[in-house]
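Biologist: I would like to learn how to read a model feature by feature. Can you take me through one?

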Amino acid sequence: MYLITGATGTTGGLVRDLLLERGDDVRGMTRNPTRPDHVHGDYDDPGSLAEALAGVEAAYLVPAAQTAVHDANFVAAARKAGVRRIVRLSAVGTGEEWEGEVIAPWHLAGEEAVRDSGLEWTVLRPSSFATNLTREPVHNLTGDVPQAVIDPRDVAAVAVAALTSSAHHGQLYTLTGPAALSVPEQVAILGEARGRAVAVVDVDPAAFDPAWRSGVLWSRSGRNAVVTDDVARVLGRPATSFAQWAREVGRFAG
Ligand SMILES: NC(=O)c1ccc[n+]([C@@H]2O[C@H](COP(=O)([O-])OP(=O)(O)OC[C@H]3O[C@@H](n4cnc5c(N)ncnc54)[C@H](OP(=O)(O)O)[C@@H]3O)[C@@H](O)[C@H]2O)c1
């Protein structure tokens, strides 16, 4: 049995669907179950985590807020339930320093909770999701600076590989698309796939949410333009291009 947290979210839903396609037993965790394969679970309610994790072999852990308390609660419940393996979603740049601040300290502490759990673990640090472009107008936080934007379907496929085998234990994967593209370039490609212009607004750095500010400035400095081959190493095929995502997913999502 696999427990997929964030089952109503971007990557959790994709991970659940891939496991169901494989014929695996899956429980999707959400605070408000609406499907037969959903169970109730809330990171702030350890009792609900104990129930959700009963009989589970491996869990996909999607952090939902800027706190490592959720990870601590989840790891404690997973250990008690005899879970063998946790695959934790994180984010590119985690733990790097920018302008005297640590990027995403809650992700760093959450990763540490999983790595120190004594269970098998894999950490996934994806770049910016292509799906961020589906809300219109697109908010451009990074100007003309390219980022190695990734198709969430690739994140999900890597998560399934790590959930279903011990071969990825102890690995920290930085997951990127095959090329770095600026938001204006992404918007142009998405517009081509949709056959119409996609609206975009530039966001003034002064207006950035303080919690995300250092991470966004880190990306604006060009550090999120790095392309890795971790998707290809795990999946044995190249990462999906933004253009392919736009044709197959993005054009229907606007
Ligand atoms: N978006 C990006 O570009 C990007 C890139 C790299 C990394 N990430 C990381 O990915 C993670 C997920 O972000 P996302 O925007 O893609 O969100 P998401 O997975 O689409 O949605 C968040 C999920 O968390 C669940 N959730 C919220 N509060 C919860 C709680 N108290 N207990 C249990 N589950 C709870 C929600 O389920 P219910 O509401 O149904 O309970 C929902 O399924 C974040 O940590 C982010 O830093 C995002």
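Modeller: We go through strands, loops, backbone angles and the ligand site in turn. Keep in mind that this is a predicted model.

Biologist: Start with the sheet. Which strands pair with strand 4, and in what sense?

Modeller: Strand 1 (residues 2-4) and strand 4 run parallel, joined by 3 bridges. Tyr2 is the residue opposite Ala58. Strand 4 also pairs with strand 5 (residues 85-89), again in the parallel sense, over 4 bridges. There Tyr60 stands opposite Val87. To get from strand 4 to strand 5, the chain passes through helix 3 (residues 69-81). This β-α-β crossover is right-handed.

Biologist: Which strand pairs with strand 5 over 5 bridges?

Modeller: Strand 8 does, in the parallel sense. Look at Ile86 to find the register: its bridge partner in strand 8 is Trp121.

Biologist: How do I read the two faces of a strand?

Modeller: The general idea is alternation. In a regular strand, side chains alternate between the two faces of the sheet. Now take strand 4 (residues 58-61). Ala58 and Tyr60 point one way, Ala59 and Leu61 the other. All four are buried.

Biologist: And the faces of strand 5: which residues lie on each side?

Modeller: Arg85, Val87 and Leu89 are on one side, Ile86 and Arg88 on the other. Both faces are covered. The count agrees: 5 of the 5 residues in strand 5 are buried.

Biologist: Now the loops. Where does Thr5 sit, and what does its side chain contact?

Modeller: Thr5 is in the loop between strand 1 and helix 1 (10-22). Its relative accessibility is 0%, so Thr5 counts as buried. The Thr5 side chain makes a polar contact with the side chain of Tyr43, at 2.9 Å. The Thr5 side chain also reaches the backbone nitrogen of Val62, at 2.7 Å.

Biologist: Is Arg84 buried or exposed?

Modeller: In between. Arg84 has a relative accessible area of 41%, so Arg84 is partly exposed. Its place is the loop between helix 3 and strand 5. Check its C-alpha distance to Gly118: 9.2 Å, with the two positions 34 residues apart along the chain.

Biologist: What about Ala148: where is it, and how far is it from Ala78?

Modeller: Ala148 is in the loop between strand 9 and helix 5 (152-163). With a relative accessibility of 0%, Ala148 counts as buried. The C-alpha atoms of Ala148 and Ala78 are separated by 33 Å, and the two residues are 70 apart along the chain.

Biologist: Next, backbone angles. What should I look for?

Modeller: Look for exceptions. Most residues other than glycine have a negative phi, and most peptide bonds are trans.

Biologist: Which peptide bond is cis here?

Modeller: A cis bond joins Glu136 and Pro137, with omega about 0°. Pro137 lies in the loop between strand 8 (120-126) and strand 9 (138-140).

Biologist: And what is the phi of Glu99 and of Ala104?

Modeller: Glu99 has a positive phi of about 50°, although it is not a glycine. Ala104 also has a positive phi of about 50°, and it is not a glycine either. Glu99 sits in the loop between strand 6 (97-98) and strand 7 (101-102). Ala104 is in the loop between strand 7 and helix 4 (105-115).

Biologist: Are Glu99 and Ala104 buried or exposed?

Modeller: Use the cut-offs: over 50% is exposed, under 20% is buried. Glu99 has 61% relative accessibility, so Glu99 is exposed. Ala104 has a relative accessible area of 10%, so Ala104 is buried.

Biologist: Last, the ligand. Which residues come nearest?

Modeller: There are 23 residues around the ligand. Thr8, Thr10, Thr30, Arg31 and Asn132 come nearest. By class, the shell divides into 9 nonpolar, 11 polar and 3 charged residues.

Biologist: How do I read the polar approaches, and how much of the ligand does the protein cover?

Modeller: Start from the ligand's oxygen atoms. One oxygen is 2.7 Å from an N or O atom in the side chain of Asn132. For Pro63, a polar backbone atom is 3.1 Å from a ligand oxygen. For Gly6, the corresponding distance to a polar backbone atom is 3.5 Å. Then turn to coverage. On its own the ligand has 890 Å² of accessible area, and the protein covers 78% of that.

Conventions:
Residues numbered from 1 in each chain as written. Predicted model: local features only at pLDDT ≥ 70, side-chain atom pairs only at ≥ 80, totals over all residues. Heavy atoms only, no water. Helix = DSSP H or I, 4+ residues; strand = E, 2+ residues; numbered from the N terminus. Buried < 20%, exposed > 50% of the residue type's maximum accessible area, 1.4 Å probe, protein only. Near = heavy atom within 4 Å. Polar contact = N/O pair within 3.5 Å; in protein donor to acceptor, adjacent residues only side chain to side chain. Areas by Shrake-Rupley, 256 points an atom, 1.4 Å probe, with all protein chains shown as cover. Nonpolar A, V, L, I, M, F, W, Y, C, P; charged D, E, K, R; others polar. Pairing = 2+ DSSP bridges. Right-handed = clockwise from strand over helix to strand, strands pointing away.
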